[in-house]
Amino acid sequence: MAEMTHEEMMQNWMKNATPGPEHERMSKECGEYIVTMNEGGTEMKGAVKLDMILGGRVQIQDFTMDYNGMPFQGHGMTGFDNFTKRYWFTWNDNMSTGLFTLYGTARDGGKQIVFEGKMDSPGMNMCDVPARHVYTYINDDEFKYEAWNFPDTPNEKKTMEMHYKRK
Amino acid sequence: MKKPILLVLVGVMCLSAVAYAQEGQMSEEAMMKKWMEVASPKAEHEMLAKSAGEWDYTMTFWMGPDAPPQSAKGTCSDKVINGGRVVESDMSGEMMGMPYEGHGHTGYDNFNKTFWATWTDNMTTGMMFMEGTSTDGGKTIVFNTTMDEPVMDVKDKPVRFVSKWLSDDEHVLESWDEVGTPHEFKAFEIKYTRKK
């Protein structure tokens, strides 16, 4: 390991720890949203609350949806790592005991954030299914969340689309 | 074919399942059974849930193998979320004269049979994810993982975290640095004591 001066270390630390434009964008996005999910002709609605924690560094997402008395609860986090210059995302909910993490980059001048990663699919007894999740920003009050499995392969399948609209 | 609504919900968490069931590679019934089995909290989740409540912590840390210990104090609030599946921790205290805030999760994945944890705090913009195992049902969990150290401009440094219950009202988290080298050293230790 190369010797580093105390000043260099402090600079590195500040650079990594200080929220930047990506965190500012996430802050602006905070608030309460209605989420609409369409699957097989059935429309379902849920509620999402986006909040910043840790001094504007991390966005947390609390998701609730109710269907016929079956409450769905999910908790997610989104951040931007200044050191690796990647967005990071975690998700867990009450229909699974696992957690998945995805890492992403902005495309199209920030209109999209494309996350890639691998997810387990316990229902299918499969580990490490390649996944792509994409956020597309429509305007300040609306965005779309889409997910695909096996992206860029003949087995590519869109698995989810959700529309977020600010309350 | 119109899918039962429950499968739509499964789709939220278990993304490839619906697509596959439609193709008939696995029956919806088999899939649901597997899902229920994997999604239900088990003994490991009960063990994790013991930490729910309010804690005082004392942290001892060493900047290097021969460095003198320093200490920091604060409080930690643990709550169980997602229907008993995950423990969410919020830490608040002081470190080297600066306010410290941290946010993390701990869970047990029935499918992989691994414990998992996330951690992030106000001293970084990164997030640490780790997976660990236990040979005593969750009383001691060993997480071998890698982490970035932006301060030293280092990526994927091997580290080890060990979480241990000492009693119902005391648990400790230890962290080792330079793991796998002759210079391995304990980087910090956080002792949690339940608030009375």
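This is a short talk on a predicted model of two chains, A and B.

Okay, hi everyone. Some housekeeping before the tour. Residues count from 1 along each chain as its sequence is written, and chains get letters from A, ligands numbers from 1, in the order in which they are written. Since the model is predicted, local features need a pLDDT of at least 70 and side-chain atom pairs count only at pLDDT 80 or more, while totals for chains, interfaces and linings use all residues.

So how confident is the predictor? For the complex, it gives an ipTM of 0.89 and a pTM of 0.89. Then there's pLDDT, which is the predictor's confidence in each residue, from 0 to 100. Chain B averages 87 on that scale, and 87% of its residues score at least 70. Which elements of chain B have the lowest and the highest mean pLDDT? Helix H1, residues 5–13, sits at the bottom with 43, and strand S1, residues 53–61, at the top with 97. By the way, helices here are DSSP runs of H or I with at least four residues, strands are runs of E with at least two, and both are numbered from the N terminus.

Now, residues 1–21 of chain B have a pLDDT below 50, though that stretch still has 68 contacts in the model beyond near neighbours in sequence. A contact means that the C-beta atoms of two residues, placed from the backbone, lie within 7 Å. Keep in mind that where pLDDT is low, the predicted coordinates should not be read in detail.

Let's stay with chain B. It has four helices and 10 strands, and from the N terminus on, the order is α-α-α-α-β-β-β-β-β-β-β-β-β-β. What do the strands build? A closed barrel of 10 strands, running S1-S2-S3-S4-S5-S6-S7-S8-S9-S10 with antiparallel pairing. Neighbouring strands in this sheet are turned by 25° against each other on average, direction ignored. Those angles come from axes, lines fitted to C-alpha atoms (for helices over the stretch in contact), and run from 0 to 180 degrees between N-to-C directions.

Let's walk around part of that barrel. Two strands pair if DSSP finds at least two bridges between them. Strands S2 (residues 70–81) and S3 (residues 86–95) of chain B run antiparallel, joined by nine bridges, and one partnership there is Ile81(B) with Val86(B). Further along, S7(B), residues 140–149, and S8(B), residues 154–167, also pair antiparallel over nine bridges. Met147(B) stands opposite Lys157(B) there. Their hairpin has four residues between the strands, and Asp153(B) takes a positive phi near 55°. Next, S8(B) pairs with S9(B), residues 170–177, over seven antiparallel bridges. Here Lys164(B) has Val172(B) as its bridge partner, and the hairpin has two residues between the strands.

Over to chain A. This one has two helices and 10 strands, with both helices coming ahead of the strands in the order α-α-β-β-β-β-β-β-β-β-β-β. Its C-alpha trace spans about 60 × 35 × 30 Å along its principal axes. S6(A), residues 100–107, and S7(A), residues 112–121, are antiparallel over five bridges, with Tyr103(A) opposite Glu116(A). Four residues lie between these strands, and Asp108(A) in the turn has a positive phi of about 55°. S7(A) is also joined to S8(A), residues 126–139, by nine bridges. Again there are four residues between the strands, this time with Asn125(A) showing a positive phi of about 60°.

So where do the chains meet? 56 residues of chain A are in contact with 53 residues of chain B. On the chain A side, strand S4(A), residues 70–81, gives the most, with eight residues. That side divides into 27 nonpolar, 23 polar and six charged residues. For the record, nonpolar means Ala, Val, Leu, Ile, Met, Phe, Trp, Tyr, Cys and Pro, charged means Asp, Glu, Lys and Arg, and polar is the others, Gly among them.

Last stop, the inside. A residue is buried if 20 or more other C-beta atoms lie within 10 Å of its own, exposed if 12 or fewer, and partly exposed in between, with C-beta atoms placed from the backbone. Buried residues make up 36% of the 196 residues in chain B and 35% of the 167 in chain A. A nonpolar core is a set of buried Ala, Val, Leu, Ile, Met, Phe, Trp, Tyr and Cys residues joined through C-beta atoms within 7 Å. In the largest one, with 40 residues, Tyr87(A), Phe89(A) and Ala117(B) touch the most other members. That's the tour, thanks!
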